[in-house]
Amino acid sequence: MNNIKHLIDPMDLSIMELEDILGLANDIMKNPKEYSHLLSGKILATLFYEPSTRTRFSFEAAMMKLGGNILGFSEPNSSSVSKGESLSDTIKIVSTYADIIAMRHPKEGSAKVATIYSSVPIINAGDGGHQHPTQTLTDLLTIKSLKENLEGHVIGICGDLKFGRTVHSLIKAISRYKNNKIILISPEELTIPQYIRDEILIKENIPFIEVERLEDVIDKLDILYMTRVQKERFFNEEDYIRLKDSYILDQSKMSKAKKDMIVLHPLPRVNEIAQEVDKDPRACYFKQAEYGMYVRMALILKLLEVR
Ligand code: CP
């Protein structure tokens, strides 16, 4: 065992560490030049066994904006994974070349396994349908920046709550802040996993309800967190086709929402937010993706213990 700090699950960070990272991200946004050379000579490896736009590019942009360098793959078949190399061997090797690793993998628990073999910090950039803690840091920074604090909100989480790893991580993290109420909106087949209901919402006494219709609750929400139905996690294409358009947020639904509600989405979106909503000032999902780069800059600095 060693004392390297990894980020695999949002609960790996204490509230104080979370606040530190959000505060640092805020300072980076205000004073980017002060941070632009801090990681000169350091290398981030991005090992993406699954596709990504925001997470990989924002990690790589984050490292470059800190003065560091990057290496890695966005397609495992371009590496020796295609010859059958194991995750453990890949991690052992890459951790001798890089100072920190961000990895995404389709198997739940893979990032945790990587920590056993790594001599440098591992960041979970998404493990199957399990967790996506850096998306949660992005979500928290967005909420804190746009709604001023992380407490006292009615948060609607809508879509694929079963396979949506961003949802699982967000519920874990937001449950640590006071006076939030959560409204879970999903078809019956895509409700949250039982362990999230039992081990987080019920155990922590978080007020929550589960409903099927977005129209019935949209007027009560301070934050609406939309999610995509995760095609890649379905075993049966017929089920995906039946469920994929369960929710489509359009201007007609937005007209029933509060004037200061914000709409978030981890992206990518497919059909669940109509493009006409993009023009609505309450649509904050593109700004959210930008916050993701700043919070990843802060996270890298924290895990490398710089400043
Ligand atoms: N939010 C998110 O994880 O997006 P990508 O899949 O594009 O990285």
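User: Which residues lie nearest the centre of the largest pocket, and how many residues line it?

Analyst: In this predicted model, 20 residues line the largest pocket, and those nearest its centre are Arg104, Arg165, Arg228, Leu267 and Pro268. The volume of this pocket is about 400 Å³.

User: How many residues of the lining are nonpolar, polar or charged?

Analyst: The lining holds 10 polar residues, 6 charged ones and 4 nonpolar ones.

User: Why is the largest pocket said to lie between domain 1 and domain 2?

Analyst: A pocket can be placed by asking which parts of the chain give residues to its lining. Here domain 1 (10-132 + 292-303) and domain 2 (134-289) both do, so the largest pocket lies between them. The chain is divided into these two domains. The contact between them takes 32 residues from domain 1 and 26 residues from domain 2. Their C-alpha centres are 25 Å apart.

User: How is the size of an interface often given?

Analyst: It is often given as the accessible area lost when the parts come together. For this structure, the residue counts are what can be quoted: 32 from domain 1 and 26 from domain 2.

User: Which helices each supply at least two residues of the lining?

Analyst: Helix 2 (54-65) and helix 6 (165-174) do so. To judge how enclosed a helix is, count its buried residues, taking under 20% relative accessible area as buried. In helix 6, 10 of the 10 residues are buried, so this helix is largely enclosed by the rest of the structure. Among them are Arg165, His168 and Lys172, along with Val167, Leu170 and Ile171. Arg165 is also one of the residues nearest the pocket centre.

User: Is Arg228 buried or exposed?

Analyst: Arg228 has 15% relative accessibility and therefore counts as buried. Arg228 sits in the loop between strand 8 (223-226) and helix 8 (237-243). The side chains of Arg228 and Glu232 are joined by a polar contact of 2.9 Å. Beyond its neighbours within four places in sequence, Arg228 is in contact with Asp160, His265, Pro268, Val270 and Glu272.

User: What is the peptide bond from Leu267 to Pro268?

Analyst: Omega is the angle to read for a peptide bond. From Leu267 to Pro268 the bond is cis, with omega near 5°. Leu267 also has a positive phi, about 65°, although it is not a glycine. Leu267 counts as buried because its relative accessibility is 12%. Both Leu267 and Pro268 are in the loop between strand 9 and helix 10.

User: Where is Pro266, and which residues is it in contact with?

Analyst: Pro266 is in the loop between strand 9 (262-264) and helix 10 (285-303). Its relative accessible area is 10%, so Pro266 is buried. Leaving aside neighbours within four places in sequence, its contacts are Arg54, Gln135, Thr166, Tyr225, Met226, Thr227 and Gln288. Sequence separation and distance in space should be read side by side. Pro266 and Asp139 are 127 residues apart in sequence, yet their C-alpha atoms are 7.9 Å apart.

User: What is phi of Asn205, and is Asn205 buried or exposed?

Analyst: Phi of Asn205 is near 60°, a positive value in a residue other than glycine. Asn205 has 67% relative accessibility and so counts as exposed. Its place is the loop between helix 7 (194-202) and strand 7 (208-211). Leu267, with its positive phi, is by contrast buried.

Notes: Residues are numbered from 1 along each chain as its sequence is written. This is a predicted model: local features need pLDDT of at least 70, side-chain atom pairs count only at pLDDT 80 or more; totals for chains, interfaces and linings use all residues. Side-chain values use heavy atoms; hydrogens and water are left out. On a 1 Å grid over the protein atoms alone, a cavity is a set of points where a 1.4 Å probe fits but cannot get out, and a pocket is an open set with protein on both sides within 12 Å along at least five of seven lines; lining residues have an atom within 4 Å of a point. Grid points are joined across faces, edges and corners, and a volume is the space filled by probe spheres set on the points. Helices (H or I, at least four residues) and strands (E, at least two) are DSSP runs, numbered from the N terminus. Ala, Val, Leu, Ile, Met, Phe, Trp, Tyr, Cys and Pro count as nonpolar, Asp, Glu, Lys and Arg as charged, and the others, Gly among them, as polar. Domain bounds come from an automatic or database domain assignment. Buried means under 20% relative accessible area, exposed over 50%, partly exposed in between (1.4 Å probe, protein chains only). A polar contact is a pair of N or O atoms within 3.5 Å; within protein, one must be able to donate a hydrogen and the other to accept it, and residues adjacent in sequence count only if both atoms are side-chain atoms. Contact means heavy atoms within 4.5 Å.
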